[in-house]
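Subject: The model for you to look through

Hi,

Here is the structure I promised to pass on. Please open it alongside this note, and my findings follow below.

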Amino acid sequence: MKRSFGLAIVFALLWAPSIQAQVRELAGKITDAKSGLALEGVTVQLKGSTQNTITLADGSFHITIQTPVSTVIFSHTGYEEQEAAVGANMNIALVPSVSDLSEVVVVGYGKSEKRDLTGSISHIKGSEVENLPVASFESGLQGKAAGLNIESGSGKLGQAIKVRIRGTSSISASSQPLYVVDGLPVITTSLSDGTNEETNPLVDLNPNDIESIEVLKDASAAAIYGARAANGVILVTTKKGKMGKKSTVNVNLSTGFSNPTRKKGFMNTQQYAQLYDQALLNDATYDFNNGISGYSSITEALESLTSYLNTYYFNPQDYALGAQDWKSGEINTNWEDLQYNKNAQTQQADVSVSGGTDKTKFYASGFYNKQEAIVINNVFQRYGGRLNLDHNISDKVSIGFNLALNRSQLDRVSHDNAFSTPGQMVAQLPFSPTHDPETGKLNPYTLYANGLFDAQFSFEKQVTFRSFGNAYANIDIAPSLAFRSELGADILNLYQEYYSGKESTDGKPLGLGGNLFSQSASLNTNNYFTFSPSIGSDHTLKATAGMSYLQNDLNQSAIQGEGYPSDAIKNLSGATDIVSGSSTGARYSFLSYFARANYALLDKYLVSASLRADGSSRFSPENRYGLFPAASIGWILSEESFLRNSSFLSYFKLRASYGITGNAEIGENGFLGLYQVSNYPSLPGYVPNQLPSKDLRWEKTAQADIGAEFGFWNNRLSGEIDLYHKKTTDLLLNVNIPSSTGFSSILENLGKMENKGVELTLNSRNLVGKFSWNTSFNIAYNKNTVLDIQGQVIESGGGLQRAVDNQPIGVFYMQHFVGVDPENGDALYEDADGKPTSAYQDAVRKVVGKALPDFTGALTNTLRYANFDLSIQFNFVEGNSIFNAGGIYSSSSFGNGYDNQTTDQLNGWKQPGDITNVPRAGMFYSTGYRNSSRWLYDGSYIRLRNLVLGYTLPSSITGRWKMSSARFYLSGMNLLTFTKYIGDPEVNTYVLGNISGGQDFFSIPQARTIAAGVNIRF
């Protein structure tokens, strides 16, 4: 025994140095590979050992190694697990997970893990819309989710944005989705002057305050919002602090500049003169060859026609002030460039503080943003703040509130279809100077009213004060039962003032001014129980039941005056005559009851069902309430024994849903017969304004969805696919009626419409490690069809588009231009027999295109190496048409006046045998100048939407300056565009219309923006 004891001592002495060598200290810091921010709560695990620790609030960790190990594992919810060899100083950047099934997703009146969802919901992180040079967060959503299509009307700031989730679902009612911010349905309807374009109330929400965005696409996900969910729902959750976390300060600063993405390209003086001469030569040749005027030669015809034109209609020399010969090029004004700001400036500053104790967490922020539009006289600026506070009174009771206060100012320009808008300056002659050379003042002798007068002497200013938020109390009545009560308000006050000077297009000669005051106040309360009983390890049940009430009051007043003594005083006190005044008031309300239950068996068989009953003041008492049910099922096949140990399949879930949602977005009192006041001087009275429609009821959309979610090779490749079919019945439709009734239409429930399509999302981790490369791709196909409106023809967009049976909504309906006759340059159209004809009156109107695209999608690549990160996003649209509505003036080779022309008109027909799609130019004998598909283009495009290059300073540097992290970045938006369209393909003069869309009437193109910024965290 003594011998054994001695051997043990010798053995211990021999191994003592080795044991001592295994005891060592290990330290480091863990950060987010994308933002560079420190990560708290990361698990640091010694591989092959039970020894572990977690990182502190500043991302640091310290652990004593007591066993022989060579590898450390770092893991954190929402990030990819990473291994690293043991080192002296371990600074690790974790990559956010591409597909994290434990990710918490916000749903209506609650939250759920993505794994447990049986509906179709797209989750977008707030970081994906942060620090973008856009006025509203919706602009940043383009390409972020399959089936979500964003259409900006133009490059004007503050303008409304068309958002469609799985297509257009209505004809006369709104097709915009419902927006819910922190549980509060917010105001999204434009309150601006109806004579200008709609504006966007959502610009009052600071994108940098957003934590996450959920897009509820199918009925199972959206039906909990019932009567307002037919067009989909977008849930926005703002940022909050974290319990037990020390306060952190975030500072974001950025600046940038913008220019137009694409210009149509108008003629200079020499090019205009060339087309002018060609047009007169064509006219002379046509007149002589056809013996119209009896000229003896083409030369005589040319001299006579030129003299006649210059004497009675148009003499170019009259407009070339200060030039001896207008054709010389002595004056060469680029009016297209004059409508733009060169290098329009953008500045943004955000500061936020967040943190918490063991009972309280908070998030506070303030921001300032000023953005010049690429078009002159259009500026948007805003400032405001937010405070989100949550406090646990006890283990069972918690309270909190979310509050945002904002002020914004929008300096606007006129509607696209107004001579005073800068966009129409392109019609001016290139040899017209901007200023009169004799007086030095602005030139009043231009072909059309000089838009620079409006830019100098007119203004339209819209100031908005907005406060929105809610307060809540949550009580845990029992371990399995909780009650939550929310009370919220959204109050929007808008003051709009305008003045058109005595020399401006709209105000001359008296001056015209006015103002508009609008107030929209919404009050909302939600009260509901959540029941989560414990019913065994194999069963999970979560049920929600409650009620909601929403009331909105809208009041507006407007007044207008004229007769200003000068432009010195631009408000109404300077007007000598008040020429009009009006005031309106309206209220609507929704009273709702809802219930939902989610059940899971063995954590792989999922069932969900919901029911909502909605009552709306927008319908008569007999039809006020509607029921909106939905149900869905899910099956996680990867949890089955036959797939659980698969070497390539990480995750696979099948799901299916069906439900009914509603639409009541028709305005107030649609079921009543209404009168309006007749303001005829000294004879006040009432006149009928609206026919009653007492049977008016909900528009309903039934939607079926089948989907699959999958992951392969440890989720190196993951994604989901959905097939859906939406059918809307009882359309809220403005039905045509005989004008002999005194009305043109009546609002009724008539017709059906469907949308069906496929959505695919793919995410891949192509490279993992120090150099990482992730790819995200989504594509959506949607087919819209108006099924049955009983032969009605509903027109919009100037009569160029319509809704008709068995066609997509918004088809372009006009004469079909088939080319140019090579013998004489005549425009050719398709007649009733399908044959070409040069007689416009013999051409038949037909469907020649559609505004709705077939495919939308995006491709995003994210690369990281060391402290560098690069994100590149392309988005695309395919299958839609764009009508260049201004083309009948600017691309008709003088067929509709003497406007300056786009340079493509130089490719027109000149002599027999010419093969071209541009008819011959002419001042007297024009051809091809009436509305037709001549100006209808393929609207498909691919656009480099966003490019961001960032660099995060090493912690060794930021530590010296007492910073947690610092990231510098350079970004570009709309850098490249590939399209066949003559201008910018992402424009729409009629921004929010269901039928009208895809029309470009001198619209301002989108902005190409380059910005630089820094994100600093303390």
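**Aromatic pairs**

The count of aromatic pairs comes to 39, where rings of Phe, Tyr and Trp (its six-membered ring) pair if their centres lie within 6.5 Å, with planes under 30 degrees apart called stacked, over 60 edge-to-face and the rest tilted. One of them is Phe 137 with Tyr 179, an edge-to-face pair at 6.3 Å centre to centre and 85° between the planes. The two rings come from distant parts of the chain, 42 residues apart: Phe 137 sits in the loop between strand 10 (121-125) and strand 11, and Tyr 179 is in strand 13. Helices (H or I, at least four residues) and strands (E, at least two) are DSSP runs, numbered from the N terminus. Phe 137 and Tyr 179 are both buried, meaning under 20% relative accessible area, with exposed being over 50% and partly exposed in between (1.4 Å probe, protein chains only).

Trp 326 and Phe 431 make a tilted pair, because their ring centres are 4.6 Å apart and their planes stand at 50°. Trp 326 belongs to the loop between helix 4 and helix 5 (335-338), and Phe 431 to the loop between strand 21 (397-411) and helix 6 (451-457), so this pair ties together parts 105 residues apart in sequence. Trp 326 and Phe 431 are buried as well. They also belong to one aromatic cluster, together with Tyr 272, Tyr 276, Phe 314, Tyr 319, Phe 894 and Tyr 898.

Before going on, please note that this is a predicted model: local features need pLDDT of at least 70, side-chain atom pairs count only at pLDDT 80 or more, and totals for chains, interfaces and linings use all residues. Residues are numbered from 1 along each chain as its sequence is written, and side-chain values use heavy atoms, with hydrogens and water left out.

**Nonpolar cores**

Phe 137 turns up again in the largest nonpolar core, which has 23 residues; such a core is a set of buried Ala, Val, Leu, Ile, Met, Phe, Trp, Tyr and Cys residues joined through side-chain atoms within 4.5 Å. Phe 137, Leu 141, Leu 148, Ile 213, Ile 234 and Val 236 have the most contacts inside it. At least two residues of this core come from each of strand 11 (148-152), strand 12 (161-165), strand 13 (178-181), strand 15 (210-216) and strand 16 (233-238). Apart from this core lies another, of 22 residues, with Met 267, Trp 326, Leu 429 and Ala 921 among them.

**Helix 3**

Helix 3 (residues 269-289) has 21 residues and spans 30 Å from its first C-alpha to its last, close to the 30 Å expected (1.5 Å times one less than its number of residues). Among its buried residues are Tyr 272 and Tyr 276, and the buried residues of helix 3 pack against helix 4 (298-312), contact being heavy atoms within 4.5 Å. At the N-terminal end, Asn 268 acts as a cap, with a side-chain oxygen 3.2 Å from the backbone nitrogen of Gln 270. Just after the helix, Gly 291 takes a positive phi of about 60°.

**Strands 23 to 25**

Strand 23 (residues 481-500) includes Ser 500 and runs antiparallel to strand 24, joined by 20 bridges; two strands pair if DSSP finds at least two bridges between them. Gln 496 has Leu 516 of strand 24 as its bridge partner. In strand 24 (residues 512-531), 14 of the 20 residues are buried. Strand 24 also pairs with strand 25 (residues 539-562), again antiparallel over 20 bridges, and here Ser 522 is matched with Asn 552.

Ser 500 counts as buried because its relative accessibility is 11%. Neighbours within four places in sequence aside, Ser 500 is in contact with Phe 457, Ser 458, Asp 506, Gly 507, Gly 511 and Leu 512.

**A buried serine in strand 29**

Ser 657 lies in strand 29 (residues 649-663) and is buried, with a relative accessible area of 7%. Not counting residues up to four places away in sequence, Ser 657 touches Thr 118, Asp 218, Ser 220, Ala 631, Ser 632, Gln 703, Ala 704 and Asp 705.

Best wishes

Definitions and conventions:
A polar contact is a pair of N or O atoms within 3.5 Å; within protein, one must be able to donate a hydrogen and the other to accept it, and residues adjacent in sequence count only if both atoms are side-chain atoms.
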